[in-house]
Structures are given as C-alpha cells and as structure tokens.
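Biologist: Please choose one part of this model and look at it closely. I would like the aromatic pairs, then their setting.

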Amino acid sequence: MALNTIGQKPVGTSAVRFTATTGQSLQGSYGIKFGYAGSNSVFYGYTSAVTTGTGFPLVAGYAEVSPAECDDPSTIYLISDTAAQQVGYVVVGKAITIS
C-alpha cells in the first residue's frame, strides 16, 4: 500500500526550500507532484540560487520530480515572480515530513 504526503507550500519572490527536513530520501517513492492553479509563474530548481530565469517552470501548473532527478527533497527550491503564491504537492508512494 502506497503512502502519500499531501499539502501546500507558500511561495514568493525569494527562493524557498520545499522542505527544511534534510536527509529524507525519495528512494522507494514515485516522486513529488507539484500543482499550481494560479495565473502567475512559479519555478523550481535544485539550489537556493534558483531564479525565475534559471528555474524549471511549473508548466500548465504541474511538474513532477522523480527520485532519479532528486533524491533529497531538501534540495528543491521554489520561487515565483509574484508574492504569496500557494503550490500544492503530493509525494506519491512514501510518507515524508514537509515543513
């Protein structure tokens, strides 16, 4: 039986770490699915230096990060071109703590 962790993360114009919990592996999971329903741009990257120009866009409000791309969710950062955005997420197949 797969476990899922579901929630929302506030995102603004400064890079915010997806999780402050380090060392929680995504191995054994199917990955993280991000969802965003707003009309502003939101991006993700694997460093705190991510910008709206260097990050990967949540294309059509959706992105998926697999364990092959990123094993440690504490290395995922989100940023938007507009303050006070809410990005939903689900970690599929394994429960982890998101802060």
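Modeller: Buried means under 20% relative accessible area, exposed over 50%, and partly exposed in between (1.4 Å probe, protein chains only). By that rule Phe18 is buried, at a relative accessible area of 0%. Phe34 is buried too, at 1%.

Please keep the source in mind: this is a predicted model, where local features need pLDDT of at least 70, side-chain atom pairs need 80 or more, and totals for chains, interfaces and linings use all residues. Residues are numbered from 1 along each chain as its sequence is written, and side-chain values use heavy atoms, without hydrogens or water.

Now the rings. Six aromatic pairs turn up in a search of the whole structure. Phe18 and Phe34 make one of them, 5.1 Å centre to centre with 80 degrees between the planes, which is edge-to-face. (Phe, Tyr and Trp rings, the last by its six-membered ring, pair with centres within 6.5 Å; planes under 30 degrees apart are stacked, over 60 edge-to-face, the rest tilted.) Phe18 sits in the loop between β2 (16–17) and β3, while Phe34 is in strand β3, so this pair ties together parts that are 16 residues apart in sequence. The two rings are not alone. Phe18, Phe34, Tyr44, Tyr46, Phe56 and Tyr89 form one aromatic cluster.

Next, the strands around these rings. The protein has eight strands and zero helices. (Both are DSSP runs numbered from the N terminus: helices H or I, at least four residues; strands E, at least two.) Its pattern along the sequence is β-β-β-β-β-β-β-β. Start with β3, the strand of Phe34. Strand β3 pairs with β8 over five bridges, in the antiparallel sense. (Strands pair if DSSP finds at least two bridges between them.) Across that pairing, Ile32 stands opposite Val91 in β8. Strand β8 spans residues 85–92 and is mostly covered, with six of its eight residues buried.

Two other cluster members, Tyr44 and Phe56, bring in another pair of strands. Tyr44 stands opposite Phe56 in β5. Strands β4 and β5 run antiparallel and are joined by two bridges. They belong to an open sheet of four strands, ordered β2-β7-β4-β5, with antiparallel pairing. Its edge strands are β2 and β5 (56–57), and each of these pairs on one side only.

Now back to β2 and its surroundings. Arg17 offers its backbone oxygen, 3.4 Å from a polar atom of the Lys9 side chain. (A polar contact is an N or O pair within 3.5 Å; within protein, one atom must be able to donate a hydrogen and the other to accept it, and sequence neighbours count only if both atoms are side-chain atoms.) Lys9 is found in strand β1, residues 4–11. Its relative accessible area is 11%, so Lys9 counts as buried.

For contrast, take a loop. Ser39 lies between β3 (31–35) and β4 (42–45). Ser39 is exposed, with a relative accessible area of 76%. Its C-alpha is 9.9 Å from that of Thr82, and the two are 43 residues apart in sequence.

Last, the whole chain. The protein has 99 residues, and 41% of them count as buried. Among contacts (heavy atoms within 4.5 Å) between residues at least 6 apart in sequence, 85% join residues at least 24 apart.
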